[in-house]
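Okay, thanks for coming, everyone. I'll put the structure up and talk you through it, starting with one loop and working outwards from there.

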Amino acid sequence: MPLRDRKVIVTGGPTVEPLDPVRFISNRSTGKMGRAIADAAYMRAREVVFIHGPMHESLLEHTPYRMVEIESTVELLDAVLSELQPDCVLIMAAAPADYRPAEKSPVKIKKKEEELTLRLVKNPDILKTVADIRGKNSALRNMFLVGFAAEMENIENYAMRKLVEKDLDFICVNDVGRHDAGFGVDTNIVTIFSRWGERLELPLLSKKDIALRIIDCVEEGITKKTDKLLP
Ligand code: CTP
């Protein structure tokens, strides 16, 4: 089934893991890349839903597609699972927090000792959870999964490891150590690796242009994957 007949689920922005009613753990993701991908997908797909963590209001304006706001990684997982369809495309541009505080205090934590130790527990891995669901159900084998990897060192090795471990169709890797790529800025440098061993290195581009190139690749990748799945 081509992209124009599919639903595309795009995630973007950070997640927020509360410590108490006024404090949280989060990260520097702004959601710009996710928003650009949702916009690009909207031009080509049957339906788009953008599931996002807290983002600046200006980045959430004039969206012609449905949006779902979440806070924590567990909420993001639930939202993604409830949107899945057998032929959907999931593009995980969000930066979910990998850990959350083991306990959330119901009241504001008071300042006492010189040191405060926070105990964190691991959050579920959303892509891995979805890939496992796909792997166990042949009716879902056409689902197309795209991950992002934010890396600062051993970029290609870590990216390839994530592609395999999370059983992805594509991984889009950005070097977050550069000042003109990654969190907060309008440009990015992305290399896309496919599960078929292809590699596409994109030059420094605006996030809008990167998003369009990623959607081009998804469109081509869907055709290739469908060809490969044919008996
Ligand atoms: N991701 C996910 N669930 C998580 C964390 C990340 O689905 N709990 C997704 C991200 O949206 C991204 C991909 O996995 O598409 C890789 O995210 P990244 O932060 O680079 O890697 P991690 O798997 O979190 O590993 P590490 O932080 O150790 O590099």
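So, start at Asn154, which sits in the loop between E9 and H4. Quick word on those labels: helices (H or I, at least four residues) and strands (E, at least two) are DSSP runs, numbered from the N terminus. Asn154 has phi near 40°, a positive value in a residue other than glycine. It counts as partly exposed because its relative accessibility is 47%; the scale here is buried under 20% relative accessible area, exposed over 50%, and partly exposed in between, with a 1.4 Å probe and protein chains only.

Before I go on, the small print. This is a predicted model, where local features need pLDDT of at least 70 and side-chain atom pairs count only at pLDDT 80 or more, while totals for chains, interfaces and linings use all residues. Residues are numbered from 1 along each chain as its sequence is written, and side-chain values use heavy atoms, with hydrogens and water left out.

There's another positive phi to point out, at His62, near 50°, and again that's not a glycine. His62 is in the loop between E4 and E5, and it counts as exposed because its relative accessibility is 75%.

Now the sheet. Eight strands form an open sheet, in the order E5-E4-E1-E6-E9-E10-E12-E13, with mixed pairing. To count as paired, two strands need at least two bridges between them in DSSP. Strand E5, 66-69, and strand E13, 199-201, are the edges, each pairing on one side only. From one strand to the next, the twist averages 15°; axes are lines fitted to C-alpha atoms, for helices over the stretch in contact, and angles run from 0 to 180 degrees between N-to-C directions.

Let's walk in from the E5 edge. E4 and E5 pair in the parallel sense over four bridges, with Val49 opposite Arg66 in E5. On to E1: six bridges join it to E4, and those two run parallel as well. There, Ile9 stands opposite Val49 in E4. E4 is mostly covered, with five of its six residues buried.

What happens at the E13 edge, parallel or antiparallel? E12, residues 190-194, and E13 run antiparallel, joined by three bridges. Ile192 has Leu200 in E13 as its bridge partner. Thr191 lies in E12 too, and it is buried because its relative accessible area is 12%. Not counting residues up to four places away in sequence, Thr191 touches Ile171, Cys172, Val173, Arg199, Leu200 and Glu201, where contact means heavy atoms within 4.5 Å. Helix H4, residues 155-165, lies across E9, E10, E12 and E13, running at about 150° to E10.

Next, packing. A nonpolar core here is a set of buried Ala, Val, Leu, Ile, Met, Phe, Trp, Tyr and Cys residues joined through side-chain atoms within 4.5 Å. The largest one has 35 residues, and those with the most contacts inside it are Val8, Ile37, Ile91, Ile214 and Val218. Its largest share, seven residues, comes from H5. Apart from that core lies another, of 26 residues, among them Leu90, Met92, Leu140 and Ala149.

Going back to Val8: leaving aside neighbours within four places in sequence, its contacts include Leu3, Ala41, Val49, Val89 and Ile91. Ala41 brings us to H1, which is mostly covered, eight of its eleven residues being buried. Ala41 is one of those buried residues, and so is Ile37.

Last stop, the ligand. Which of the 14 residues around it come nearest? They're Met92, Ala94, Phe148, Lys162 and Lys166, counting a residue as near if one of its heavy atoms lies within 4 Å. For polar contacts to the ligand, the cut-off is a pair of N or O atoms within 3.5 Å; within protein, one must be able to donate a hydrogen and the other to accept it, and residues adjacent in sequence count only if both atoms are side-chain atoms. In the side chain of Lys162, an N or O atom is 2.7 Å from a ligand oxygen. From the backbone, an N or O atom of Ala94 lies 2.8 Å from a ligand oxygen, and one of Ala150 lies 3.2 Å from a ligand oxygen.

That's my tour, thanks.
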